[in-house]
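Visitor: I've got a model open and a pile of labels to make sense of. Could you walk me through where they come from?

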Amino acid sequence: MTQDELKQAVADAALAYLKPKLENDTVLGIGTGSTANCFIDALAAIKGQIGATVASSEASAERLKQHGIPVYDLNTVDGVDFYVDGADESNRSLQLIKGGGAALTREKIVTAVAREFICIADESKLVHTLGDFPLPVEVVPMARSYVARELVKLGGDPVYREGVVTDNGNVILDVHDFAIPQPLATEQKINNITGVVTNGLFALKPADVLLLGTAGGVQTLYAE
Ligand code: 5RP
């Protein structure tokens with residue numbers, strides 16, 4: 001199977017996982033990226049069976065609206081029942097690196113609110129130790145150089161993602177050559193750097209379930 005077919009398979013699996021749990025007032029959080037896009041397109045077929053969605057990016061909100069799926073401001077809903085999103089990497093504890101699509105801050109906010117986070121990814125995303133994928137860090141523009149120096153002190157090699165402005169008006173530093181054997185501690189350390197808005201480690205609140213697309217079918221993984 002191609003990577004695109006694996007993404008479609010996990011998107012379909014997420015829909016199948018959710019279907020028995022959906023009620024007409026269910027609020028679904030919707031992620032960002034190519035795998036989340038597959039899920040949005042699949043969701044269109046059952047849009048009458050959910051209450052509303054909240055989106056983790058302007059791009060996903062736009063795609064949902066194009067399908068006629070209602071999108072609400074997070075501040076106007078009481079909660080988010082399920083959040084479905086992709087990842088750039090996951091370890092077996094379902095701690096993630098996210099933010100390849102620069103949507104990490106809103107993704108982390110929706111994750112924080114959601115009752116259950118269902119991560120969907122193809123098998124290339126499952127790793128032993130996080131950090132082969134450069135860790136995205138969203139930064140207030142004026143703090144970019146300062147934050148970069150602090151990230152160097154932590155052992156990484158931050159690279160400014162040229163030409164990218166997030167939905168929140170900020171910039172992204174991608175931290176290369178940065179193995180992350182202790183994701184919880186690293187997430188907290190980077191959060192503590194002044195000027196950092198969000199880092200792409202999802203360890204303090206990892207995924208609850210990972211639907212992983214493999215050549216042999218979709219596997220359902222829970223944190224080890
Ligand atoms: C966007 C993200 C995405 O979930 C992540 O980049 C995975 O994307 P894709 O499904 O296209 O591989 O975190 O900010």
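**Labels and their cut-offs**

Guide: Let's start at the ligand: one of its oxygen atoms is 3.5 Å from a polar backbone atom of glycine 100. Mind that this is a predicted model, where local features need pLDDT of at least 70, side-chain atom pairs count only at pLDDT 80 or more, and totals for chains, interfaces and linings use all residues. Residues are numbered from 1 along each chain as its sequence is written, and side-chain values use heavy atoms, with hydrogens and water left out.

Visitor: What makes the glycine 100 pair at 3.5 Å a polar contact?

Guide: A polar contact is a pair of N or O atoms within 3.5 Å; within protein, one must be able to donate a hydrogen and the other to accept it, and residues adjacent in sequence count only if both atoms are side-chain atoms. Glycine 100 has its polar backbone atom at 3.5 Å from a ligand oxygen, so it meets that limit. For glycine 99 the distance is 2.8 Å, and for glycine 101 it is 3.1 Å.

Visitor: How much of the ligand does the protein bury?

Guide: Taken alone, the ligand exposes 370 Å², and the protein buries 90% of that. These areas come from the Shrake-Rupley method with a 1.4 Å probe; for residues, only the protein chains shown count as cover.

Visitor: Why do arginine 63 and aspartate 41 count as a salt bridge?

Guide: The term asks for a side-chain nitrogen of Lys or Arg within 4 Å of a carboxyl oxygen of Asp or Glu. Here the N to O distance is 2.8 Å, so the pair qualifies. Arginine 63 sits in helix H3 (residues 58-66) and aspartate 41 in helix H2 (residues 34-43), 22 residues apart. Helices (H or I, at least four residues) and strands (E, at least two) are DSSP runs, numbered from the N terminus.

Visitor: And what makes arginine 63 partly exposed?

Guide: Buried means under 20% relative accessible area, exposed over 50%, and partly exposed in between (1.4 Å probe, protein chains only). Arginine 63 has 29% relative accessibility, so it counts as partly exposed. Aspartate 41, at 33%, is partly exposed too.

Visitor: Lysine 153 and glutamate 150 also form a salt bridge. Which of them is buried and which is exposed?

Guide: Lysine 153 has 64%, so it is exposed; glutamate 150 has 18%, so it is buried. Their N to O distance is 2.9 Å. Both lie in helix H5 (residues 144-153), three residues apart, about one turn of the helix.

Visitor: What does the salt bridge of glutamate 187 and lysine 108 tie together?

Guide: That pair, at 2.7 Å N to O, has glutamate 187 in helix H6 (residues 183-191) and lysine 108 in helix H4 (residues 104-113), so it ties together parts that are 79 residues apart in sequence. Both residues are buried.

Visitor: How do you know that S7 pairs with S9?

Guide: Two strands pair if DSSP finds at least two bridges between them. Five bridges join S7 (residues 135-139) to strand S9 (residues 171-176), and the two run antiparallel, so the requirement is met. Glutamate 138 stands opposite isoleucine 172 in S9. S7 also pairs with strand S10 (residues 196-199), antiparallel over three bridges, with valine 139 and valine 196 as bridge partners.

Visitor: Why is S7 called mostly covered?

Guide: Five of its five residues are buried. Leu135, Val137 and Val139 are on one side, Pro136 and Glu138 on the other.
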